[in-house]
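The following exchange examines how the terms used for this structure are justified.

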Amino acid sequence: MENNTGQHNIINELKERAKELNCLYRTQELLWDKEKTSDEILQALVEVIPQGWQYPDICFARIICQDTIYQLPEFTETKWVLSSDIISQGNIYGSLQVFYVSESPECDNGPFLKEEEKLIKTISELIGGYFFHNQLKSVFEASKKKDSKKEWVVIIDMLKKTDPKLLMRISRKMVNFLCWKGISEGEKLFDFFNPTNGKESVFNKEVNSPFHAKTESDSYLISNKIFEIASKYLNEKEIIDSISRWIKQDQSGFLVNILSKSPITLNEISKALERYYHFKSQGLVLTPIREKSLRINLIRHILNDDNNFIKIAKNFVSVDDFKDLIDKIIYPVDSKGKLGGKSSGLFLADKILQNSRLSDDLSKQYKIPKTWYISSDGLLNFMNYNNLEDIIDQKYKAIEQIRKEYPYVSHVFKNSLFPSEIMKALSEMLDDFGGNPLIVRSTSVLEDRQNTIFAGKYKSLFISNQGTKMERLAELTDAIAEVYSSTFGPDPIEYRAERDLLDFDEEMAIMIQEVVGKKVGKYFFPAFAGVAFSRNNFRWSSRIKQEDGLLRLVPGLGSRAVDRLSDDYPVLISPGQPKLRTNVTLDEIIRYSPKNIDVINIEERSFETIEIAQLLKEYGKDYPIVNQIVSKISGDCVKPVQRLGMKPNEDNYIVTFTGLVNNSTFIEKINSIVSVLEKELSYPIDIEFAHDGDNLYILQCRPQSYSKLGKPSVIPSNIPKDKLIFSANRFISNGCISNITHVVYVDPIKYAEITDYDKLAAVARAVGRLNELLPKRQFFLMGPGRWGSRGDIKLGVNVTYSEINNSALLVEIARKHNNYVPELSFGTHFFQDLVESGILYLPLYPDDDGCEFDESFFLNSPNILSNLLPDLEYLSSVVKVIDVIAVTKGNVLNVLMNSDDNKAVAIISEKDVRIEHIDSVKYNTETSKSSDFHWQWRLRSVEQIAARINPEYFGVKNFFIFGSTKNATAGPCSDIDILIHFIGTSKQKEILNEWLKGWSDSLDYYNFLKTGCKTGGILDIHYVTDEDIKNRTSFAVKIGAITDAARVLRIGTDLN
Amino acid sequence: MSVNSYNLFQTAQSQFDKAADLLELNSATREFLRNPMREFHFTIPIHMDNGEMKVFRAFRIQHNDARGPVEGGVRFHPMETVDTVRASAMWMTWKTAVVGVPLGGGNGGVICDPHNLSDFEQEQICRGWVRQLVKNIGPNSDISAPDIMTNSQHMLWMLDEYETILGARYPGAFTGKPIEMGGSQGRIQATGYGIMIAVREALKELNIKINGTTASFQGFGKVSYYAIELYQKMGGKVICVSTWDNNENRSFSFRKKDGINLEDLREITNIYGGINKDKAEDIGYEVLSGDAWLEQEVDILVPAAIENQITDNNTDKINKCVKIIAEGANGPTSSKADAILNKSSIFIIPDFLANAGGVICSYFEQVQNNMNYYWDKDEVLAKLDVKMATAYADVSDFSRENKLGMRDSAYVIAVDKVAQACHSRGWV
């Protein structure tokens, strides 16, 4: 049934197009009919034209031309009219109108189709052309009569009659030309164009009367004179060539005039471009200089006005490139908006790849998905239209209020209406897109204005784009409204506040892209997608160089590749060294293969994350290029698959991308794309891409951001020797850890001397226990050789990932031994865990030239291991725990790492010192926000809780605080560690727990409003009994401990 | 490394010394068995992918071939040392002896990190390995098998190079091959089945009917899976298994007091070896902490995950009902825990013996290769049953007769068999 209607629609549409074409042919036939007079032709046209319209029976045409009206006798004027001017050589000759005499169904523009708008325009152009042709004919006929005249004289005559202004401009150019040639007669003619008529000194005098304006006859005379002089000195060909060149140039003059105007609306630009392309199709050629000036102006007005951007873009973008772009921009009336950073970045990347001389055939290697844009002022327009101006002030409110009110803002936005012209344009856009899912992405103008990268700060939403046109439109506007509302979300506002960008109006453009992918069963997704970085800051092998780049690849939609994943892993490949894989053994390969895939469920019209194993079971053979994506687990290794040989229900398949690396040109392609972009833009970049199985699509290109994956630190140049603990200069990644309070140091020499297996294993377990005990991310681990080694235990401390997961940094020390430096692991045993959880890795070669290593700091500082874990005292000579604050008398350690300089340092520093790091390659610095806020309110709140505890009622003897709140190091997501010395009954404990849970939840909510972090109960409560304290078991060790001793708080001081 | 550092070979030697003392071996035999018979130290030059030439150091240690051609792994490791390889070779000699297969012990390694090598470069190393050793290895002299960071693919590269040089097919020179390339049926079941065959024999001696016994397993990988399969076939009931949860980075135990259903659990186990907690609860399993498997009221504990799981810290948590601990993993019991358990009534089937099914099957693979006639799975498993049961009986009889622990007995029998063979050959 539905199919039949669909077919019916298509047939109807085709019929309409056929009618229109027929109408055009008949119009042309009439206009070329040499037998008929123009009156006859125009009268015949009003009969023919209505045949091209959807309802010819009720359609009438009228042509008004220089006071004459052509229409049929039964013509009546109504309100349903479509009209177009008849223009010839820039002059309006009249107009063509088409009327419906009675009401007919609503279409694109009233009762008219958008194709009909085009049709009427084309017909009026044809009529205009007819008039021009007639004029020329009469001029030529006149000139034939006086055949003595030279050709250029004919042209001048013609211009006099048709376009006197153009004649004046050309005459002026001829004067310039004569002067250039050094013809002194010509120089005299300058005076004519001088409003003061050559009275040189006139500017020096006061003149009260207006200058005498030149009359038209003056002009004709002077142009005659000019060309007479010209004919004396120049031959006829030279004159004609010059005239025709100038006429062509002059046609583009309007573009220059418009684009140099400021401000200029997108509508004006669009109209001007349309005229330009029209002339161009008739043979208009721009001079290189004019082309360049146009190009730069277009870049400035539409893409980005940043000088650095223009400097690069002007070498790759041509005026013609804007032809398709401008048609795909949706903008409010009088819009002066731009496309935003993301869109212009992608546009430029595309042009670079097409035109770069660094590589020949890149343009065939990739595609850009079909993209439409909403200009940056669309947001304000939307808000004005719905009277939402008040929300603009939202950004000045306190962050907790913003967070609290954000759901409301979002709700209001989603229930607001879009202006009708935008709705109309969106509807056209949907027709253009067809039924593929879409992604609505924000693209902020602030991104280019301030060299900041708002990576992931604003929303990007996938929409299924399924159902009826109305449903699709509703889904689309809903998504746009939601993306708009994300501008007023707490995270971007906080981010802007930190960078002093709050006072700028947020101009947020929207980019609507077709989602790359294929339909597989009820799902829609690309075969794979990912992010490619031109610089690799996470090297898992010493053979990989920084410029070898990095790919984060995932099956399905790229959303999983962009951010760090907490529960899954993307596949990492270095495109410069694709055969050096992160994972080698079957265990590693299985453990670190992606488990989930993001898809669009077409049936449910939703974005979903599903298990890849399940998807492969259901649709394994239909998955696009499945043989390049997955491998089969076969015995003790993984094997390539053939689609036909797949047995999805029997065999186990995992995502490895081995086929892609070994049997496709993808890696080569992406490598050359990334390196060409980096070279041409002259800064490191990252691109997002997706592959539907047939083609590679580039979705985004921007300067390589460090926001998610570690920023390079600025390494201070002159660190006092007594402050420097160690420095390193090999295989350094980017990052910075600050406020380190403890270092766990496994002494390489002492470790090597252990002769007993159990003791070696005990070292690893000791590290695991310290990992639980020390403040999270405020300590780091240093040890010999290979952490997590699964082979010979003496090669490195054989911890598992869960035994180091609270550390901030892992340092592997390679000490030279008999001219032999052991090979380090680069964290390969849990490399991907480290990457995804943001734990830094640093290889240290203390015996290298140029490396500092203050061994005495590690050997001579007091060891607090036995205070923390009394039962492990026997390991004290091997495992050293250094309390940095105690040793340095109140200072902390900061480790700064910079991959670009290949340098890292650990320095003793004051707490909360401002650390400079590089935000993006465009090098602006950011200061870390004071962390005082987080611990201060936590401590105040806990003091309040303590004050309200009734010791008898709850059975509490003492109340302690420890950990980050006490140490003044709490971060936005820290919990509050509380220790309660409990002496009551189990009933009392139950009541106390309930009571504390109330506090815990409400403080958690408060913290959420402030920071956006949810911990699910902020209080971390530990109980100790008398017995614990006596035996110093459990958390009782915290009481009176050497490090991070619990501090007692007074209880019961405020019981009412 | 310092002379005093922990050294695997020294550990292996001192274990040997202990057995030699018990056997009162003469000094020549001791000297002979304390050290490998032959060692090859060589280099493998290869062209790297970027055209650069690199040289890798490698070893092959043939500890003893008195009872038959040596068999042992080839490992790739960046920090490989000859002593580690020597120790592994020696242990292989004892392992083949204790299960009574006519093989000796060897081991080898290349100092390299596969994380730094492309597949093609690894293939070059494998081929280079064979080119250097071709005269000294083969189905009748020295058989290689996969080891740390090597797998069946590496074996096939080596085999291909070996056969290319010699111009004939010698599939028995390398084991651990896929079935379609000459591997043996039943390999996947061998280790797990072997454990439970030993348990069955132990129960017989303890006069307990296997029907009605209960067991708890640590680990739910291949070894556990097939051990449980056989155990359930024989009438036993598994009430608890523990697995590692990759998402939460900790392990959990899954208990069903009326017995787990292997197929149900397999349905909800991902290929990463983890059981889905929520789904397990849905189908009636209790989800307990990771070490709860150890505390269950069962007859048999099977630690089949990783080393060092039963330590002096948790021996007291083992339920009083437990009668047998069958060591499916390598070294799951620490030496301190071992001492404690030896004093208890719990009967330990040492790893050495319990997980020897793999070695036996590897031997079967060679046998089938060499006669170019292949058995079906049932035949392989039946032969495995005979071998395991015999080996178990030998160790157990010896243990009873000499009032020696099972672990020591296994060691002593092995050393004795090798020493006898050397003696018979007139070597010492």
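A residue is buried if 20 or more other C-beta atoms lie within 10 Å of its own, exposed if 12 or fewer, and partly exposed in between, with C-beta atoms placed from the backbone. This is a predicted model, in which local features need pLDDT of at least 70 and side-chain atom pairs count only at pLDDT 80 or more, while totals for chains, interfaces and linings use all residues. Residues are numbered from 1 along each chain as its sequence is written, and chains are lettered from A in the order in which they are written.

Q: What share of chain A do buried residues make up?
A: Of the 1056 residues in chain A, 43% are buried.

Q: What makes residues of chain B and chain A count as being in contact?
A: Their C-beta atoms, placed from the backbone, must lie within 7 Å. By this criterion, 37 residues from chain B and 42 residues from chain A take part in the contact.

Q: Why are residues of the side of chain B that touches chain A called nonpolar, polar or charged?
A: Ala, Val, Leu, Ile, Met, Phe, Trp, Tyr, Cys and Pro count as nonpolar, Asp, Glu, Lys and Arg as charged, and the others, Gly among them, as polar. That side therefore divides into 13 nonpolar, 19 polar and five charged residues.

Q: Which domains is chain B divided into, and where do their bounds come from?
A: An automatic or database domain assignment supplies the bounds, giving domain 1 (38–95 + 105–181) and domain 2 (184–428). Their C-alpha centres lie 29 Å apart, and 15 residues of domain 1 of chain B are in contact with 18 residues of domain 2 of chain B.

Conventions: Two residues are in contact if their C-beta atoms, placed from the backbone, lie within 7 Å.
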